[in-house]
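The exercises below ask you to work from atomic contacts towards a picture of a fold. Please read each task, try it on the coordinates, and then compare your steps with the solution.

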Amino acid sequence: MMDKPTENSDEDRVSLKSNGKSPTNEAPLGMLKSFRQSIRRVAEKSPLKSGGKGSKVMPKADTADNELGSPLPLSPSLSCGSPVTSPLKNVMEEKGEDETGDVTLQQSKGLTRSKTDPNMSGIGDALLKRGAFIRNSLNFGKKDKVKNPKVPFVLLTEGSVEEKEEEKEEEEKEVWEEIKEAYTLPEIPHTPLSVMQINKLIEMEALEEAHLNLLAMRQEFKQEQERCGKDSPVELAKKEKDLNLLYGELRNKINTIVRDSNSLTSRNKGLLVHVARIIQEEEKRAEEPGGLPGSWMESWTEAVGEGVQVKVGAIHLEAREQNQSWLAVHLALLGKAIREDLETVKKELRWSYPPSFKVFSTYVESYHRVVGQHLKKLEREVTELKDLYALLDWIINSYKSEKIMGSLSLQPDMKDECTDLQLEADFLKQLKDKYCVRVKEFTRASLDNIIELENKEFWMHSKTPKKEEDFLDSQIHMDIWTNVKGSIVNTQRIDAQLEQKVVSSCLQELKEFPKRFETEYKRHCRAQQLRQPLWTEYQITYINSFTALQLHMEDYQDACPAEVEEFRKEVKWLIVKLMEELEDQYKEDVKVYLRRMMTRKWLTNDEDFKLLQSRTELLSEHCSLMRPPHNQEFASRLHYHVVKEYVGQLMKNNYSCKNRKHEKAATKIREQWSELRDLFEDLNSTHEWLHPVGDDLSNIIIQKNKSDIKNHLQPLVEHYPDFSRKHLDAVLYFRGPLRGREHQLIMRRLTELRKNAGGGDKSQDLFGNMQVTVNTDCLSNLPFSCFSFLLPDN
């Protein structure tokens, strides 16, 4: 509260013109004392006295008898819509009307700078000048809602409470207007305050007063420098040092205000207008002596970046040991903080700056840079696949999405802004490569787990495989496909290029899996000593499972053709190996039965054939559980083996039918052949070309007249062009010894038929793969001239 005027108040008031001239040293002592008391009264209500954080503004009275001369230019110091608190207004509201009149009278008088007490008079002069320019700019930055801007104060009465509340509601609806680029610098004091006083103003954030006094110091410095020329006295050097120190403090204070402006918007809104005008003025005066080196605009941009860095650094980040979703939570909070901060910049901060500052763009660019640096630090802590995925997804998708930079609340300001993070040149590539390595590791671990699961659920307990759609099947292919497809589908949301890399990584790891699986499968089977028919069922199960897995991977043929082909080869290798093992087991099982065909026992006993038939029927049941096309391929290979081994017994010359037993033998061959043909038809064998051989041979063996044999050779040669003279000789031996001219005529007929038939289809060779045993008994009964027929190709 101001002290009440004393009885000698008239003598205490000092009226000085506003031409900046200082009073003479002969000023009466009483007047000087009264002047000091007046200044103290004003200072008691001043923000400089109270130590307030903000630079409070004080309007000057606009009276008719204003002795300050012409009005000061419009002040650039008020932020848009920032509340203006005048220490003199506070005094008037707190005092009665009598006291108010005294204050108003004091305010209407101009005060000059006193040489006897520069500290007090300097502060008073600054306060009065501050009130002068603020009164003219009281409504600066908002829509004009005051009809009479020349009345800066409204004294409240009991009847005006409701009116004030209505005005408060209207103020909340006010729309901010952009600060204009051009401005008028307030009057620079003729004589600056002391270094201590200017520094105090900077500390109390009375930025405009401090800056105007600094400009006054620069003017003095420039004048003294011009006056001294090259000879720079100590005082001039001291003043230059003082200027540098004060400007350094001012820049640091401005940087602090700018840095904290997005966190303390309500506090710094008014100060930012001062900040902007100071920066503009200093940029204009960059070449003048006494200023601070370096660009003020660049310093402001750096301060904005520091504020953004503080904001980002303050976002909560849990340790991954405490929360498995530590990174996902942090990134969500980071995105929310970015959006909200930019909303604040758009709605509030940018209205405190002229357009040339491009405030919103500067904050956006700062976030691009600072967040990019922050993510680089985070990446060093990220090791798990899920966290790498969260980081990549946030960088590539979330940051640009409507959750953050693409938020509707930031439009249309973001329309022309870049939404890309500022990352190091190879950062994203390194992150993707690291992700692909983790995908490979994850895939390998998953495949190992699948093998172990198969062992625990089936091999260890010799458990029978399950059927699915009438086929033996294991869930192994679904487990693998689910894991691989999960990695690929998730990556589709991030980036098409990364998706292709992930497909390649998965297939590269899958390529190694068939051999690893086969090794583990054999080891566990040996440990459990699996026997028939369970072993056969397992073989068929994994033939089916890997066939299905290969079909799943065919979906990625277009994306990674080379990797798919390599995987296809490995799967084929495993399937062929499993089928060969199954085939070898069958061949071993029926070997003894087939070896007894075309013997004396065979002619009189069907036991071996029935065992062969039983084992083949069992295989037929198993093959029905094998998925196409491998079931047909497998059946066809076994069909060929059985036919070759069955007919091959004729070529071994183990038995010769005598006493017309050849008719019985031919009939038996025809009957058994019919049963074998039916069996392999049920197996869906594709080797139909093997069906006629039994009947063709039976027709030769069954002939009663030897001369008729040559008339039944044509079908056999047509069906099997690789049937040679040695094969025919073995068949004739089985039928019964045949010598002389009849034998010669039969062989000649075969030669003619083979010549007319040509080479035939090499894929349907049957007899060429059969071993023929030469019968020496037959040769001893032939005349010497017949040996020529045994020469090759005769």
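What follows is a set of exercises on a predicted model, each with a worked solution.

**Exercise 1. Overall composition**

Task: Determine how many helices and strands the protein chain has, and what percentage of its residues count as buried.

Solution: Begin with the secondary structure, which comes to 30 helices and two strands. Next take the burial of the residues: of the 794 residues in the protein chain, 49% count as buried. Then turn to the surface, where the accessible area of the protein chain comes to about 39,800 Å², with 49% of that area belonging to carbon and sulfur atoms. Finally, consider the contacts with a separation of 6 or more, of which 81% are between residues 24 or more positions apart.

**Exercise 2. Salt bridges**

Task: Find the salt-bridge partners of K239, D387 and R493, and state where the residues of the R493 pair lie.

Solution: Side chains of opposite charge can pair when their charged atoms come close. The structure holds 44 salt bridges, and three of the pairs can be followed in turn.

- Step one: K239 pairs with E220, with 3.0 Å between the closest N and O atoms. K239 belongs to helix α10 (residues 234–260) and E220 to helix α9 (residues 207–228), so that the pair, 19 residues apart, links distant parts of the chain. K239 is buried, at a relative accessible area of 16%.
- Step two: D387 pairs with K386, and here the closest N and O atoms are 3.1 Å apart. D387 is buried, with a relative accessible area of 5%, whereas K386 counts as partly exposed at 39%.
- Step three: R493 pairs with D393, the closest N and O atoms being 3.5 Å apart. Because R493 lies in the loop between α17 (476–492) and α18 (496–511) while D393 lies in helix α15 (residues 385–396), the pair ties together parts that are 100 residues apart in sequence. D393 is buried, with a relative accessible area of 12%.
- Step four: look for linked bridges, and a network appears that comprises R444, D448, E509 and R516.

**Exercise 3. The surroundings of E343**

Task: Decide whether E343 is buried or exposed, and identify which residue its side chain joins in a polar contact.

Solution: First locate E343, which is in helix α13 (residues 326–347). Its relative accessible area is 16%, and E343 is therefore buried, the limit being under 20%. Leaving aside residues up to four places away in sequence, E343 touches S407, S409 and L410. With S409 there is also a polar contact of 2.4 Å between the two side chains.

**Exercise 4. Cysteines**

Task: Explain why C436 forms no disulfide with C506.

Solution: A search of the whole structure finds zero disulfides. For C436, the closest cysteine sulfur is that of C506, 8.7 Å away, which is too far for a bond because a disulfide needs the sulfur atoms within 2.5 Å. As for burial, C436 is buried at a relative accessible area of 7%, and C623 is likewise buried, at 2%.

**Exercise 5. Aromatic pairs**

Task: Characterise the geometry of the pair formed by W459 and Y542, and name the cluster to which W459 belongs.

Solution: The whole structure contains 22 aromatic pairs. W459 and Y542 form one that is edge-to-face, with 6.1 Å from centre to centre and 75° between the planes. Since W459 lies in helix α16 (residues 427–459) and Y542 in helix α20 (residues 534–553), the pair ties together parts that are 83 residues apart in sequence. Both W459 and Y542 are buried. Extending the search outward, one aromatic cluster is formed by W459, F513, F517, Y521, Y538, Y542 and F546.

Terms used:
Residues numbered from 1 in each chain as written. Predicted model: local features only at pLDDT ≥ 70, side-chain atom pairs only at ≥ 80, totals over all residues. Heavy atoms only, no water. Salt bridge = Lys/Arg side-chain N within 4 Å of Asp/Glu carboxyl O. Helix = DSSP H or I, 4+ residues; strand = E, 2+ residues; numbered from the N terminus. Buried < 20%, exposed > 50% of the residue type's maximum accessible area, 1.4 Å probe, protein only. Polar contact = N/O pair within 3.5 Å; in protein donor to acceptor, adjacent residues only side chain to side chain. Contact = heavy atoms within 4.5 Å. Areas by Shrake-Rupley, 256 points an atom, 1.4 Å probe, with all protein chains shown as cover. Phe/Tyr/Trp six-rings, centres within 6.5 Å; stacked < 30°, edge-to-face > 60°.
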